[in-house]
Amino acid sequence: MGCLQSVACKARVRRDNIVLSDVSATIEPGATAIEESSPVVLRYRTPYFRAAARGIMPPIPRRHTWVVGWVQACNHMEFYNTYSDLGMSSWELPDLREGRVKAISDSDGVSYPWYGNTTETVTLVGPTNKVSRFSVSMNDNFYPSVTWAVPVSDSNVPLLTRIKRDQSFTTWLVAMNMTTKEKIILQTIKWRMRVDIEVDPLQLLGQRARLVGRTHQEQPRILSRMEPIPPNALVKPNANDAQVLMWRPKRGQPLIVIPPK
């Protein structure tokens, strides 16, 4: 017991002495909202995925700093926009699509490996002579723009007929010793977001698009086991920088419309 009370001793922070008092993960119950206010693009906004956790960190020795926070990676992405019988545009993650990696970081692009650096993380600096309480939360959703017209055409004629999107993510609650780089996985969450929109481009703006298929999302799964984090899910590039917009015509060769950053 004396060691736990002494911040000068070599007490270690371990998985079994970090206590999680509450972990939650939900996707809002509402349906995806479609916006047709622009003559150039259709926009849609999905419900939010939200995760939150509270816990207690044991005393931290001198010269040690721990960060507790959320790490997220994309495991699967299908994002197809069909334009009549001409072809489709497709947002793709080439390394993921071709099986070279199992996941790609979904960090904000600045705070690697963390999803973000506001409510998503908390920093605990030693020495502390008593337990520290922490609370972290995060949210995520889709709010993209899809052109009504074929993206590689000079024409403004609306030809968009279908939007299909299916993405899967793994979200980890992690405690990381910033001094030693030791990582302790505290929780693993799996979630998925799907969108299926049918479009009639011959209708007036504001009356073209409607949701089809399931309109509500599956709820996230909080796993009973800890799933390891693939190494590339902790480093650059993140999904936003790695993604490529392709044009895949029914006839002819695919074209890169927007290259990776």
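**Entry 1: aromatic pairs.** I searched the whole structure, a predicted model, and found four aromatic pairs. I looked first at F49 and W191. Their ring centres lie 4.2 Å apart and their planes meet at 5 degrees, so I recorded the pair as stacked. I then asked where in the chain the residues F49 and W191 sit. F49 belongs to strand β4 (residues 49-57) and W191 to strand β12 (residues 183-199). The two are 142 residues apart, and the pair thus links distant parts of the chain. I also checked whether F49 and W191 are buried or exposed. Both are buried.

**Entry 2: a second pair.** I turned to Y83 and W247. The ring centres are 5.9 Å apart with the planes at 65 degrees; because planes over 60 degrees apart count as edge-to-face, I noted this pair as edge-to-face. Y83 lies in strand β5 (residues 65-83) and W247 in strand β15 (residues 244-249), so the pair ties together parts 164 residues apart in sequence. For burial, the cut-off is under 20% relative accessible area. Y83 has 1% relative accessibility and therefore counts as buried. W247, at 5% relative accessibility, counts as buried too.

**Entry 3: a cluster.** I asked which residues form one aromatic cluster. They are F49, F142, F169 and W191. The stacked rings of F49 and W191 thus belong to this cluster.

**Entry 4: arginines over rings.** I looked up which residue lies over the face of F142. It is R165, at 3.6 Å from the ring centre. F142 is itself a member of the aromatic cluster. I also noted R43, which lies over the face of Y143 at 3.9 Å from the ring centre.

Definitions and conventions:
Residues are numbered from 1 along each chain as its sequence is written. This is a predicted model: local features need pLDDT of at least 70, side-chain atom pairs count only at pLDDT 80 or more; totals for chains, interfaces and linings use all residues. Side-chain values use heavy atoms; hydrogens and water are left out. Rings of Phe, Tyr and Trp (its six-membered ring) pair if their centres lie within 6.5 Å; planes under 30 degrees apart count as stacked, over 60 as edge-to-face and the rest as tilted. Helices (H or I, at least four residues) and strands (E, at least two) are DSSP runs, numbered from the N terminus. Buried means under 20% relative accessible area, exposed over 50%, partly exposed in between (1.4 Å probe, protein chains only). A charge sits over a ring if NZ of Lys or CZ of Arg is within 6 Å of the ring centre and within 35 degrees of the ring normal.
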